[in-house]
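I opened the notebook to go through this structure piece by piece. My plan is to start in a loop and then work through contacts.

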Amino acid sequence: GSSWRAWNVHSLARIALWSLVCTPIVSMWLELLETTFGSGEDATTVLKKLAVDQGAFGPLLMLLFFLYVAVFDALASQASLQEGIATLRREVWPAYKGSVVFWVPVSVSLFTVVPPHLKILVINLAGLGWNCLLALRMQGAANHAGEEGGKDGKRRRSTRSATVAAREKSKAL
């Protein structure tokens, strides 16, 4: 019914497409980790996988996500590419720190207790949750940018007060 109209179809499409693109990349990454470090569950193997996963792949994927959002929004005329790059500069580090908090326990579980035949399912379910958190973070960033106004000083995208946006930003990952 009318509740469907309340959905932000642009944001939903953006995250759905990202998830479709990301799934095979993450699957290949997990295979690479297993090939490189083995499937051992000992502390040394798990720590090596975790260090490479969170120290190399995590930041790269985060950067790619924010670049993807900037380009997607620019192509869909939702924001300028410059606005997207500004968001990337402002949000990528806080989002990465949040990703470490989210993904370290998921990765440790994946490397130690999740059976091989369920790893892709588990990582994709966790990824769905993470993508939702990122979408909320991006919406908060867009609202914050909208409250600051654009080149013409007009408010865009948001009708919420700066106080509410600041409070939400402080609670964000």
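**Entry 1: a loop residue.** I looked up V113 to start. Its relative accessibility is 63%, so V113 counts as exposed. The model is a predicted one. I then placed V113 in the chain: it sits in the loop between helix 3 and helix 4. I also took a C-alpha distance from V113 to E41. The two C-alpha atoms are 8.3 Å apart, with their positions 72 residues apart along the chain.

**Entry 2: another loop residue.** Next I turned to A79. I found A79 in the loop between helix 2 and helix 3. Is A79 buried or exposed? Its relative accessible area is 14%, so A79 is buried, the cut-off for buried being under 20%. For a distance I chose V69, which is 10 residues from A79 along the chain. The C-alpha atoms of A79 and V69 are separated by 9.9 Å.

**Entry 3: salt bridges.** How many salt bridges does the structure hold? I noted 4. I went through some of them in turn.

I began with D73 and R14. Their closest N and O atoms are 2.8 Å apart, and the pair forms a salt bridge. D73 belongs to helix 2 (residues 43-75) and R14 to helix 1 (residues 9-37), so this bridge ties together parts 59 residues apart in sequence. I checked burial for both ends. D73 and R14 are both buried.

I moved on to K119 and E34. This salt bridge has its closest N and O atoms 3.4 Å apart. Again the pair links distant parts of the chain. K119 is in helix 4 (residues 119-148), E34 is in helix 1, and 85 residues separate them. How do the two ends compare in accessibility? K119 has 14% relative accessibility and counts as buried. E34 has 24% and counts as partly exposed.

Then I looked at R90 and E91. They form a salt bridge with the closest N and O atoms 3.5 Å apart. R90 is partly exposed, at a relative accessible area of 30%. E91 is at 2% relative accessibility and counts as buried. I also asked which residues are joined into one network by salt bridges that share partners. They are E34, K49 and K119.

**Entry 4: a helix pair.** I wanted the geometry of helix 2 against helix 3 (residues 81-112). Their axes come within 8 Å and cross at roughly 145°. The crossing of helix 2 past helix 3 is right-handed. I sorted the residues of this contact by type: 21 are nonpolar, 8 polar and 3 charged.

**Entry 5: aromatic pairs.** I went to the rings next. The count comes to 8 aromatic pairs. One of them is W18 with F65. The ring centres are 5.4 Å apart, the planes stand at 75°, and the pair is edge-to-face. W18 lies in helix 1 and F65 in helix 2, so the pair ties together parts 47 residues apart in sequence. I checked burial here too: W18 and F65 are both buried.

I looked at F102 and W103 as well. Their ring centres lie 5.0 Å apart with the planes at 75°, so this pair is edge-to-face. F102 is partly exposed, with 23% relative accessibility. W103 is buried, with a relative accessible area of 14%.

Which residues do ring pairs link into a cluster? I listed W18, F65, F66, Y68 and F72.

**Entry 6: the nonpolar core.** I ended with the largest nonpolar core, which has 31 residues. Which of its residues touch the most other members? They are V26, M62, F65, F66, F111 and I123. I then asked which elements give two or more residues to this core. Helix 1, helix 2, helix 3 and helix 4 do. The largest share comes from helix 2, with 10 residues. I made a cross-reference to the rings: F65 and F66 are in the aromatic cluster, and F65 and F66 are also on the list of core residues with the most contacts to other members.

Methods:
Residues numbered from 1 in each chain as written. Predicted model: local features only at pLDDT ≥ 70, side-chain atom pairs only at ≥ 80, totals over all residues. Heavy atoms only, no water. Salt bridge = Lys/Arg side-chain N within 4 Å of Asp/Glu carboxyl O. Helix = DSSP H or I, 4+ residues; strand = E, 2+ residues; numbered from the N terminus. Buried < 20%, exposed > 50% of the residue type's maximum accessible area, 1.4 Å probe, protein only. Axes fitted to C-alpha atoms, helices over the stretch in contact; angles between N-to-C directions. Left-handed = near helix turned anticlockwise from the far one by under 90°. Nonpolar A, V, L, I, M, F, W, Y, C, P; charged D, E, K, R; others polar. Phe/Tyr/Trp six-rings, centres within 6.5 Å; stacked < 30°, edge-to-face > 60°. Core = buried A, V, L, I, M, F, W, Y, C linked by side-chain atoms within 4.5 Å.
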